[in-house]
Amino acid sequence: MARHRVAIVGNAPVRKDWSRTIDACDFVVRFNGCQTRGAETGHRIDALGLCNSAPNPTSRLMSFSRGDAFETAREIWLTRNPDLYRAYLSEAEAKD
């Protein structure tokens, strides 16, 4: 059986440089704006989990979608029903 290394990287500061270990993993999951991405936690993003619990996530979703992390990630994971995001995104696009 093949073994795979997965890194799940949160947004809290770290006390040690994990960048080489994280970037060497087979799959890296980060969240929201990826505030810790860079120096101590590496740059790799395979999946970006958007965990917005606001009643209307339009502005937050739009801010995430304009970030480098959104463009870099191979997959986007939504923690809410995708239909809600589609509706909010359509509303935000209409305002733009």
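Let me start with Asn-32, which counts as buried at 13% relative accessibility. What you have in front of you is a predicted model, and every value I quote is computed from that model. Asn-32 is found in the loop between β2 and β3. Its phi is positive, about 50°, although Asn-32 is not a glycine.

Cys-34 shows a positive phi too, again about 50°, and Cys-34 is not a glycine either. The place of Cys-34 is likewise in the loop between β2 and β3. Is Cys-34 buried or exposed? Cys-34 counts as buried, because its relative accessibility is 6% and the cut-off for buried is under 20%.

Staying in that loop, we come to Thr-36. The loop containing Thr-36 connects β2, residues 27–31, with β3, residues 47–50. Thr-36 has a relative accessible area of 15%, so Thr-36 is buried. Which residues does Thr-36 contact, once its neighbours within four places in sequence are left aside? The contacts are Val-9, Gly-10, Asn-11, Ala-12, Pro-13, Arg-30 and Thr-41.

Thr-41 is the next one to look at. Thr-41 is also found in the loop between β2 and β3, and at 2% relative accessibility Thr-41 counts as buried. Not counting residues up to four places away in sequence, Thr-41 touches Val-9, Val-14, Ser-19, Ile-22, Arg-30 and Thr-36. Val-9 and Arg-30 therefore turn up for Thr-41 as well as for Thr-36.

Val-9 takes us to strand β1, which covers residues 6–9. The side chains along β1 alternate. Ala-7 and Val-9 point to one face and are buried, whereas Val-6 and Ile-8 point to the other face and are not buried. Which strand does β1 run parallel to? The partner is β2, and 4 bridges join the two strands. One residue pairing to find on your screen is Ile-8, whose bridge partner in β2 is Val-29.

Now the aromatic residues. How many aromatic pairs does the structure hold? The structure holds 1 aromatic pair. The two rings belong to Phe-27 and Trp-77, with centres 6.1 Å apart and planes at 25°, so the pair is stacked. The cut-off behind that label is planes under 30 degrees apart. Phe-27 sits in strand β2 and Trp-77 in strand β4, residues 75–78, so this pair links distant parts of the chain, 50 residues apart. As for exposure, Phe-27 counts as buried at 19% relative accessibility, while Trp-77 is partly exposed at 38%.

There is another ring to point out, that of Trp-18. Lys-16 lies over the face of Trp-18, at 4.4 Å from the ring centre.

Last, the whole protein. The secondary structure comes to 4 helices and 4 strands. From the N terminus on, the elements run β-α-β-β-α-α-β-α. The protein has 96 residues, and 33% of them count as buried. Taking contacts with a separation of 6 or more, 40% are between residues 24 or more positions apart. The protein exposes about 6400 Å², and carbon and sulfur atoms supply 53% of that area.

How values were computed. Residues are numbered from 1 along each chain as its sequence is written. This is a predicted model: local features need pLDDT of at least 70, side-chain atom pairs count only at pLDDT 80 or more; totals for chains, interfaces and linings use all residues. Side-chain values use heavy atoms; hydrogens and water are left out. Buried means under 20% relative accessible area, exposed over 50%, partly exposed in between (1.4 Å probe, protein chains only). Contact means heavy atoms within 4.5 Å. Accessible areas come from the Shrake-Rupley method with a 1.4 Å probe; for residues, only the protein chains shown count as cover. Two strands pair if DSSP finds at least two bridges between them. Rings of Phe, Tyr and Trp (its six-membered ring) pair if their centres lie within 6.5 Å; planes under 30 degrees apart count as stacked, over 60 as edge-to-face and the rest as tilted. A charge sits over a ring if NZ of Lys or CZ of Arg is within 6 Å of the ring centre and within 35 degrees of the ring normal.
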